[in-house]
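This report describes the surroundings of the bound ligands and the arrangement of the helices. Please consult the sequence and the structure shown here alongside the text.

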Amino acid sequence: MTPAARYTRTAIALHWLMALLLLGLFAVGLYMTGLKLSPQKLQIYSWHKWAGVSAFLLVLLRLGWRLGHRPPAPPATMPRWQQLAGEGAHHLLYLLMIVIPLSGWLMSSAKGFQTVWFGVLPLPDLLAKDKELGDLLATVHQGLSYGFAALVLAHTGAALKHHLVDRDDVLVRMLPFLKTR
Amino acid sequence: MIRKTLAATLLAALAATQAEAVEYAQFQPERSNIAFTSKQMGVAVDGRFRKFAAALSFDPARPTAASARIDIDLGSIDAGSKDADDEVVGKQWFNIKAFPTASFVSTGVKALGGDRYEAIGKISIKGRTQDAVLPFTVKQDGQLATFDGNLTLKRLDFAIGEGPWADVSTVANEVQIKFRIVAARK
Ligand code: HEM
Ligand code: HEM
């Protein structure tokens, strides 16, 4: 497989759809845990779990697509370490997009609240109810989410630097409507 | 003469059944349990009561004469999570400061055939009393008798979950209750 000259429409669509979904999940996650118990809290928790499972399915789809479609090569002007750092960061982002929902699912099982996707499709409880384990997995889910948020910030900063400082086409090939120059 | 012998035999027979009469009446709390399942956002969540008392008497030879009274200490609830435990003892749910116990008091027992029975009686929770029918089975094993049963309550019949919690699309109205009461022979 030779690297493409640009990202496919599918890759671009999935990138931005998931970016929105994941930022939403992160914000809702932060917001909901501080709420006092109420019917709304239970509803928001369910939506967080349903959307989180959706994100998990989307990332599987995205990785499937990615296996058959090499991304465009980084600009030749980029220093080697930056190319490697960029690639490493992308791999780590994919990894977190898989591990965070998994930790959420396992946490829910351990806390004794099964995940039933949109109230229709029950996911099996892989863990028996265990309070300590549930609390531990909540901490893991939180830590991974915070790490993910930090990485996304760095990723966004890098994208903006490419566009504004290096003035290369890295952001444009992921966001084609910016192509004005 | 014949009459006298007949009467004597009858008396003897009666005495024999009397002597053999078995009564299960000693509640065994550590072998018993009362659990429930509610549905939150369509998902079953399990809970139980850690403390309850039962005063009962059951004679397998005369099951319909049996009686039972069960008192549940509502403060001993395990509603599935710490958050929920703190919430359900409050005013909108059980309001345990004003109503610390829930009770079932039987008024009669019906035999349904085999080891299946029905206890008819009244359930009182949070100052409200409702007629109830508890289907149950009995298993005798040496010194012990085990009464297993379940019933579905509608929580709103007892105003359990008021205000915003009265919305049954988040927490369903139906609550499944499963009980096992074990009693030893007297
Ligand atoms: C990539 C997807 C996801 C992201 C970015 C995400 C993010 C978050 C964040 C930021 C929190 C708040 C952590 C805290 O401050 O305590 C949180 C909490 C939570 N998440 Fe997720 N989450 C995702 C997927 C899932 C999934 C799939 C499930 C379950 C099936 C789930 C279940 C939960 C639960 C139950 C909590 C509350 C934990 C608690 O009460 O302590 N999450 N999530
Ligand atoms: C939750 C948020 C985000 C996640 C999880 C994410 C994830 C990723 C991943 C995994 C890739 C690599 C694609 C591949 O090679 O298969 C990528 C590429 C890219 N992302 Fe993001 N991204 C997010 C948000 C953003 C934002 C906010 C921007 C810009 C402001 C951005 C700009 C880019 C650009 C320009 C590329 C292409 C890099 C290249 O051509 O090598 N991303 N993103």
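## Polar contacts of ligand 1

In this predicted model, the side chain of Gln142(A) places an N or O atom 3.1 Å from an oxygen atom of ligand 1. Two tyrosine side chains also offer a polar atom to oxygen of ligand 1: for Tyr45(A) the distance is 2.8 Å, and for Tyr146(A) it is 3.3 Å.

## Shell around ligand 1

Ligand 1 is surrounded by 24 residues, of which Tyr45(A), His48(A), His141(A), Gln142(A) and Ser145(A) come nearest. By class, this shell holds 13 nonpolar residues, ten polar ones and one charged residue.

Four helices of chain A each supply at least two residues of the shell: H1 (9-33), H2 (39-68), H3 (80-111) and H4 (131-166). The largest share, seven residues, comes from H1(A).

## Shell and polar contacts of ligand 2

Around ligand 2 there are 21 residues, and the closest are His15(A), Arg66(A), Tyr94(A), His155(A) and Arg173(A). Three of these side chains have listed polar distances to the ligand. A polar side-chain atom of Arg66(A) lies 2.5 Å from an oxygen atom of ligand 2, and an N or O atom in the side chain of Arg173(A) is 2.9 Å from an oxygen atom of the ligand. His155(A) instead faces nitrogen, with a side-chain N or O atom 2.7 Å from a nitrogen atom of ligand 2.

Two or more residues of this shell come from each of H1, H2, H3, H4 and helix H5 (170-174) of chain A. H4(A) gives the largest share, five residues. The shell divides into 14 nonpolar, four polar and three charged residues.

## Packing of H1 and H2

The axes of H1(A) and H2(A) come within 10 Å of each other and cross at roughly 155°. Because angles over 145 degrees count as roughly antiparallel, H1(A) is roughly antiparallel to H2(A). Their crossing is left-handed. The contact between H1(A) and H2(A) comprises 18 nonpolar, six polar and two charged residues.

## Length and end of H3

What span should H3(A) have at 1.5 Å a residue? The 32 residues of H3(A) should span 46 Å, and the end C-alpha atoms are 46 Å apart, so the expected span and the model agree. Just after H3(A), Gly112(A) adopts a positive phi of about 85°.

Notes
Residues numbered from 1 in each chain as written. Chains lettered and ligands numbered in written order. Predicted model: local features only at pLDDT ≥ 70, side-chain atom pairs only at ≥ 80, totals over all residues. Heavy atoms only, no water. Near = heavy atom within 4 Å. Polar contact = N/O pair within 3.5 Å; in protein donor to acceptor, adjacent residues only side chain to side chain. Nonpolar A, V, L, I, M, F, W, Y, C, P; charged D, E, K, R; others polar. Axes fitted to C-alpha atoms, helices over the stretch in contact; angles between N-to-C directions. Parallel < 35°, antiparallel > 145°, perpendicular 65-115°, else oblique. Left-handed = near helix turned anticlockwise from the far one by under 90°. Expected span 1.5 Å × (residues − 1).
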